[in-house]
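Here's a quick briefing to read alongside the structure. It starts with the overall picture and then moves to a few individual residues.

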Amino acid sequence: MVDKEQFETVGDGLLVRAPAKINLSLLVAGQRPDGYHELETIMAKVNWYDEILIEPGLKAGIELLCQGPQWAPAGEENLIYQAAKLLLQCCGLITDIKITLTKNIPAGSGLGSASSDAAATLMGLNQYLDIKLPNRQLAKLAPQLGSDVAFFLSGPLALCKGRGEKNKKLGENFNFLALLILPNVSVSTKKVYANYKHDSALYQRLKTRTNRYIQKNRIDLVVKMCANMLQTSSFGLVEGLAELKAKIESLGIGPCCLSGSGSTIFYIIDSGDEERARQYKHKVEEKIGCKSIIVRNNRW
Ligand code: C5P
């Protein structure tokens, strides 16, 4: 898959690409008084995209159309609609706009697609309507839409803290290929957090190791830990997910990691080893019958 640019002019519209992410590590520090969980997570964008086309409106207000292989909620329920409304309100703008979403990345798969769509909408409308808000202003709006929306305004590789909205770009980019294994199941992030049981000793252990590796810029070693503290909760809620991971690993593809609250399971491969990535994809599809896709770390 070739890396594409994020913005492209199409006729009198603007096409914005919204990449998926994977969590290379996900530590939960504990629950906060506001109910959210305090996180330390390394997120990396990958070159698999939803597409958002912004065009002049034909109807009054914001019109959102959804198409493509994956389902997405239409109208006001969609974060794209909410992002557009928030940005227009915040700038005191009243305009008619048509947005067409081509949904390629499945919702509820731990790949952040709705959050990425929201961030792409903020950036796209900012450019298309010549609003010229600086990125830090967009980042102030982002947490109102979702915890990891701010990450998608920056990246492509960052350590995210707080609810997930405080991002620190990680120095050098970490180049990788990843096999994303996509069970056909949508997971509710809210339910996974509600089912989460905190283990502070585990958090301390994982934090000490990940911090050491991050300081040395050895993201490759962080990845090998496959540290995702939401995994136990997600596996407890989603039937067959733990078994699927075990099956993949029994094929010699592992250790595998869960992305976010699931359901995607991923395996990181050296960036030059495309042949191995293709072999593993074939194995997973032939022996397990599960859909998978090969992606790379995204450039932007
Ligand atoms: O922020 P977002 O809307 O993506 O989060 C969905 C739900 O996941 C929240 O309503 C909350 O219950 C839970 N969550 C959490 N701690 C976080 C992020 C999300 O408890 N850091």
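Helices here are DSSP runs of H or I with at least four residues, and strands are E runs of at least two, both numbered from the N terminus. Counted that way, the chain has 10 helices and 11 strands. Keep in mind that this is a predicted model.

**Overall shape and packing**
- The radius of gyration comes out at 19 Å, which agrees with the value near 19 Å for a compact globule of 300 residues.
- Laid along its principal axes, the C-alpha trace spans about 55 × 45 × 35 Å.
- Buried residues make up 54% of the 300 in the chain.
- If you take contacts between residues at least 6 apart in sequence, 73% of them join residues at least 24 apart.

**Surface and charge**
- About 13,800 Å² of the chain is exposed, and carbon and sulfur atoms supply 50% of that area.
- There are 37 positive and 30 negative side chains, with the centres of the two sets lying 6 Å apart.

**D50, in a strand**
- You'll find D50 in strand β3, which runs over residues 37-56.
- Is D50 buried or exposed? D50 counts as buried because its relative accessibility is 0%, and the cut-off for buried is under 20%.
- The D50 side chain has a polar partner in the backbone: it reaches the backbone nitrogen of N104 at 2.8 Å.
- Leaving out residues up to four places away in sequence, D50 touches V16, R17, A18, L101, T102, K103, N104, I105, S113 and D117. So N104 turns up both in that contact list and as the partner at 2.8 Å, given that contact means heavy atoms within 4.5 Å.

**S292, in another strand**
- S292 sits in strand β11, residues 291-296.
- With a relative accessible area of 3%, S292 is buried, since that falls under the 20% cut-off.
- What does S292 touch, not counting residues up to four places away in sequence? The answer is L179, L180, I181, K281 and E285.

**R205, in a helix**
- R205 belongs to helix α6, residues 200-215.
- Why does R205 count as exposed? Its relative accessible area is 54%, and exposed means over 50%.
- How far apart are R205 and I97 in space? They are 50 Å apart, C-alpha to C-alpha, with their positions 108 residues apart in sequence numbering.

How values were computed:
Residues are numbered from 1 along each chain as its sequence is written. This is a predicted model: local features need pLDDT of at least 70, side-chain atom pairs count only at pLDDT 80 or more; totals for chains, interfaces and linings use all residues. Side-chain values use heavy atoms; hydrogens and water are left out. Buried means under 20% relative accessible area, exposed over 50%, partly exposed in between (1.4 Å probe, protein chains only). A polar contact is a pair of N or O atoms within 3.5 Å; within protein, one must be able to donate a hydrogen and the other to accept it, and residues adjacent in sequence count only if both atoms are side-chain atoms. The radius of gyration is taken over C-alpha atoms; the globule rule is 2.2 Å times the number of residues to the power 0.38. Accessible areas come from the Shrake-Rupley method with a 1.4 Å probe; for residues, only the protein chains shown count as cover. Lys and Arg count as positive and Asp and Glu as negative; His and the chain ends are not counted. The place of a charge is taken as NZ of Lys, CZ of Arg, CG of Asp or CD of Glu.
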